[in-house]
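Biologist: I would like to learn how to read a structure step by step. Could you take me through some features and tell me what to look for in each?

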2 protein chains.
Amino acid sequence: MPPKMAVICETTLLDQHPSLAMDITSWLEAHQQNPSHLISSQGGESVKNDPNIIDQWLKKWDQIKLCRHSLVICIGGGALQDAVGYAASVFHRGLRLLRCPSTVLSQNDAGIGVKNGINDMGKKNFKGTFAAPEGVINDLNFLTTLAPNSIRAGYAEAVKVALLKDASFFDWIENHAQELHDLDDDAIASLIHRCARLHLEHIQNNGDPYEKGSSRPLDLGHWSAHKLESLSKHALEHGEAVALGIQWDALYAHSQGWLKADLYERIQNCFKHLGLPQRHHLFKQPQDILRGLEEFREHLGGQLTLPFIRDLAVTMEVNQVDEELYFSLASQLCP
Amino acid sequence: MPPKMAVICETTLLDQHPSLAMDITSWLEAHQQNPSHLISSQGGESVKNDPNIIDQWLKKWDQIKLCRHSLVICIGGGALQDAVGYAASVFHRGLRLLRCPSTVLSQNDAGIGVKNGINDMGKKNFKGTFAAPEGVINDLNFLTTLAPNSIRAGYAEAVKVALLKDASFFDWIENHAQELHDLDDDAIASLIHRCARLHLEHIQNNGDPYEKGSSRPLDLGHWSAHKLESLSKHALEHGEAVALGIQWDALYAHSQGWLKADLYERIQNCFKHLGLPQRHHLFKQPQDILRGLEEFREHLGGQLTLPFIRDLAVTMEVNQVDEELYFSLASQLCP
């Protein structure tokens, strides 16, 4: 007998794909004896801000008697994946989770990971767990109803992982920037596949999947990106903030003499050709963004440890930064 | 530099050991640059029922900027250990935890384990995580202020693990039942040490520390014990309920012909000589207790799987039970 299953699906996906609710329900009914259990939920960062939503899911799962062998299937973007993953990981000390990420960003990055979390006390992922999903299914059909800017925002993590780990992938992105900008299906599928694979290989092989150390080798540009997101009240998507954060760090690395001018320019051009933001009014208040440094350090603890690149796929770690230099460079990212 | 540390200590311990608060504070001040962080908390099952208490701890830890390298030290009984362990495991996806259990039961059993949990939706450990502590310090001084009945309640888990795993330990308990009943320090220390070691060996070697399967090989008598505890509104301590649960299961096993009369009698006499309960008025409503079977199954899921013994350290698993037989035998455990 298959395990009991419950599905949580983002409401917008059910609206945009009119047959989806019926498909899910029919499939559940065909594959288990119990009545089907489909919960429609809001997505986006707001779902991570409301603990009552999590408790409603847990209550429902309790009513339908899910047990530790049961499977929760989450269909939605990265924020919903984070929240459902957290709920599943604490219910009866952990249900099994199958992720079906529905955005470029979640398909190529967050959906592959082992992190869950919800926001509290005004901090992102204040409560969370590490838990590997049973599986991840990337269905490219879900991308067809995304807004163009959301698709392009998802490219930022691919640029990031290419810069950190795979020079030929960065070349590929540069060479396909026009198709990607124009939302070509094949180009998007290739980008997701290659980025997801690099992400997965990192988690499997880097030796610290649960971040016991102080190092966050994949988090290029993320210290400021997290802060930019919250300062913009999430008007900036995560990928857009990552694009800005990487460009600020690249400018800083170039100013420090770590990064040569030609690669710095290639990075800028790459984001430009992909249609990702290069400037933002929040850089008018760099002191607000710089507070993200301490929050970034606190999350893992220990010494501040930021990843930078010296060259394509050549990384370095930095334990202290020149905040005045960051401050003075911020004007170049103002509109 | 040592990691940041925060201590949560059960209020009754701070009251009963007048120098304890000062000892903790001085030690923290001597070993870290930061101000010391000692939280006094209620213990017992009620601490697991109030999510606001957990959130207060998290808020405090956030204020003092604990990070994933920080150490939370929990001094208290099993319930406080469960709740603090849960809080520590979700704060920033997991702080390090050092347990100082303060009761016989928590020193020989729960404190050694990898389970955390809080109660919700009226169910024990409804939310929880698996997380191994960094270390466990059993300080026998804390036992000196326990009520005699609480000390004796702690013996029940030792009897349990002896029955399941170590015939010579059961012989030892029988031979030292008088000293244990009379709260002899050396006898208590030996019992705790041997029981804790058996418990730890089980977690290390049984192959399923995070209970992915349906089997709960250490939970002899626990399906009814959990229910007896909640039906008694926790007037019954966990150990007392376990003693009753084991005796009901032993009577059942004897009636089924699995357990010979002489061992059944030895088990009864052992609990009697240790001063643990043998009867309880809740057995007048066995149908209420029998609802614990389904709750026990649900928690792990899959097929109902109960551990029984055929002989000392000879176990068997049972996947269905004769509820009518349990029902009829309950009268023998009525006062």
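Modeller: What follows is a walk through confidence, symmetry, helices, aromatic rings and a few single residues.

Biologist: Before we look at any detail, what are the mean pLDDT of chain A and the scores of the model?

Modeller: Please keep in mind that this is a predicted model. For chain A the mean pLDDT is 93, with 99% of the residues reaching 70 or more, and the model as a whole scores ipTM 0.87 and pTM 0.90.

Biologist: Then let us turn to the two chains; by what turn and what shift can chain A be laid on chain B?

Modeller: A turn of 180 degrees, with a shift of 0.0 Å along the axis, lays chain A on chain B with an RMSD of 0.0 Å. The two copies are therefore related as by a two-fold rotation axis. The same surface serves both copies, since 100% of the contact residues of chain A recur in chain B.

Biologist: How should I read a helix, and how does the span of helix α12 of chain A agree with what it should be?

Modeller: In general, an α-helix has 3.6 residues a turn, so residues three or four places apart point the same way. Helix α12 of chain A covers residues 238-255, and at 1.5 Å a residue its 18 residues should span 26 Å, which agrees with the 25 Å between its end C-alpha atoms. Of those 18 residues of α12(A), 16 are buried, so the helix is largely enclosed by the rest of the structure. After α12(A) comes Gly257(A), whose phi is positive, near 85 degrees.

Biologist: And in chain B, how many of the 18 residues of α11(B) are buried?

Modeller: There, 16 of the 18 residues are buried, so α11(B) is largely enclosed by the rest of the structure. Helix α11 of chain B runs over residues 238-255, and its end C-alpha atoms, 25 Å apart, agree with an expected span of 26 Å. Just after α11(B), Gly257(B) takes a positive phi of about 85 degrees.

Biologist: Now the aromatic rings: how many aromatic pairs are there over all chains, and how is one of them described?

Modeller: A pair of aromatic rings is described by the distance of the centres and the angle of the planes. Over all chains the count comes to 22 aromatic pairs. Among them, Trp61(A) and Phe91(A) form an edge-to-face pair, with 5.8 Å from centre to centre and 90 degrees between the planes. Trp61(A) lies in helix α4 and Phe91(A) in the loop between α5 and β4 of chain A, so the pair ties together parts that are 30 residues apart in sequence. Trp61(A) is buried, with a relative accessible area of 0%, and Phe91(A) is likewise buried at 0%. Elsewhere in chain A, ring pairs link Trp223(A), Trp248(A), Tyr252(A), Trp258(A), Phe283(A), Phe308(A) and Tyr326(A) into a cluster.

Biologist: A ring can also have a charge over it; which ring lies beneath the charged end of Arg93(B)?

Modeller: The charged end of Arg93(B) sits over the ring of Phe130(A), 5.8 Å from its centre. Within chain B, the charged end of Arg216(B) sits over the ring of Phe296(B), at 3.9 Å from the ring centre.

Biologist: Coming to single residues, which residues is His299(A) in contact with, leaving aside its neighbours within four places in sequence?

Modeller: With those neighbours left aside, His299(A) is in contact with Asn125(A) and Arg216(A), and across in chain B with Arg68(B), His92(B) and Arg93(B). His299(A) has its place in helix α15 of chain A and is buried, with a relative accessible area of 10%.

Biologist: You named Asn125(A) there; what is the phi of Asn125(A)?

Modeller: Its phi is near 50 degrees, a positive value in a residue other than glycine. Asn125(A) lies in strand β6 of chain A, and at 12% relative accessibility Asn125(A) counts as buried. Leu183(A), which is not a glycine, also has a positive phi, of about 65 degrees. Leu183(A) lies in the loop between α9 and α10 of chain A and, at 24% relative accessibility, counts as partly exposed.

Biologist: As a last case, is Leu228(B) buried or exposed?

Modeller: Leu228(B) is buried, with a relative accessible area of 0%. Leu228(B) is found in helix α10 of chain B, and beyond its neighbours within four places in sequence its contacts include Leu236(B), Leu244(B) and Phe283(B).

Methods
Residues numbered from 1 in each chain as written. Chains lettered and ligands numbered in written order. Predicted model: local features only at pLDDT ≥ 70, side-chain atom pairs only at ≥ 80, totals over all residues. Heavy atoms only, no water. pLDDT = per-residue confidence, 0-100. Phe/Tyr/Trp six-rings, centres within 6.5 Å; stacked < 30°, edge-to-face > 60°. Helix = DSSP H or I, 4+ residues; strand = E, 2+ residues; numbered from the N terminus. Buried < 20%, exposed > 50% of the residue type's maximum accessible area, 1.4 Å probe, protein only. Lys NZ or Arg CZ within 6 Å of the ring centre and 35° of its normal. Least-squares fit on C-alpha atoms with pLDDT ≥ 70 in both. Contact = heavy atoms within 4.5 Å. Expected span 1.5 Å × (residues − 1).
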